[in-house]
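Here are my comments on the model you sent, set out as numbered points. Please read them with the coordinates open beside you.

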Amino acid sequence: RRLFIGNQVEECKDMSGLFSVLPFQKGYLVNWDVERQVWDQIFGKEVLHVSPDQSHLVLSEPVFNFSAIQDSLDEIIFEDFRFKSLIRLWGPVFSSFRQSQLFPS
């Protein structure tokens, strides 16, 4: 069984056996193994060419995110990927920041 992420699905020879596996349910990250593989793909050489040990990460999260999810996220970001730092913001904060950029008072 092989996991296809994003445009990797084009490499699939038999589309009849495909099914989707989502790392999120109801907006919360619940499948860490799938999400880790997605991040491996995104941060790797094929997509962003990021060196996590030389990078800072900005990440959005649900407003009422569970502390267990936050703790697991910290562990993966710092121990597995070794990012220098992480800032977690709620989605509305990004929207507010963008509005302040577009319409300064």
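**Helix packing, core and local backbone**

1. The buried residues of α1 pack against β1, β2 (28-29), β3 and α2. Since this is a predicted model, I would ask that this and every point below be read in that light. The residues of α1 that count as buried are W32, V34, E35, V38, W39, Q41 and F43, a list in which the glutamate and the glutamine may deserve a second look on screen.

2. The length of α1 is consistent with a regular helix rise, because its 12 residues should span 16 Å at 1.5 Å a residue, and its end C-alpha atoms are 16 Å apart, which agrees.

3. The largest nonpolar core has 13 residues, of which W39, L73 and I77 touch the most other members. Two or more residues of this core come from each of α1 (32-43), β3 (56-61) and α2 (67-80), and α2 gives the most, with four residues. In soluble globular proteins, nonpolar side chains tend to be buried together.

4. I77 can be followed further: leaving aside its neighbours within four places in sequence, I77 is in contact with W39, L57, R82, F83 and L86.

5. Strands β3 and β4 (residues 85-90) run parallel and are joined by six bridges, with S60 standing opposite L89 of β4. Together with α2, these two strands make a right-handed β-α-β unit.

6. Q8, which is found in the segment before β1, is worth inspecting closely. Is Q8 buried or exposed? Q8 is buried, because its relative accessible area is 9%, which falls under the 20% cut-off for that class. A polar atom of the side chain of Q8 lies 3.0 Å from the backbone nitrogen of I5, and, when residues up to four places away in sequence are not counted, Q8 touches R2, L3, Q41 and E46.

7. Two residues other than glycine should be checked for their backbone angles, given that most residues other than glycine have a negative phi. H49, in the loop between α1 and β3, has a positive phi near 55°, and H49 counts as exposed because its relative accessibility is 60%. R82, placed in the loop between α2 and β4, has a positive phi near 65°, and R82 likewise counts as exposed, at 55% relative accessibility. R82 is also one of the residues in contact with I77, a link back to the fourth point.

Terms used:
Residues numbered from 1 in each chain as written. Predicted model: local features only at pLDDT ≥ 70, side-chain atom pairs only at ≥ 80, totals over all residues. Heavy atoms only, no water. Buried < 20%, exposed > 50% of the residue type's maximum accessible area, 1.4 Å probe, protein only. Polar contact = N/O pair within 3.5 Å; in protein donor to acceptor, adjacent residues only side chain to side chain. Contact = heavy atoms within 4.5 Å. Core = buried A, V, L, I, M, F, W, Y, C linked by side-chain atoms within 4.5 Å. Pairing = 2+ DSSP bridges. Right-handed = clockwise from strand over helix to strand, strands pointing away. Expected span 1.5 Å × (residues − 1).
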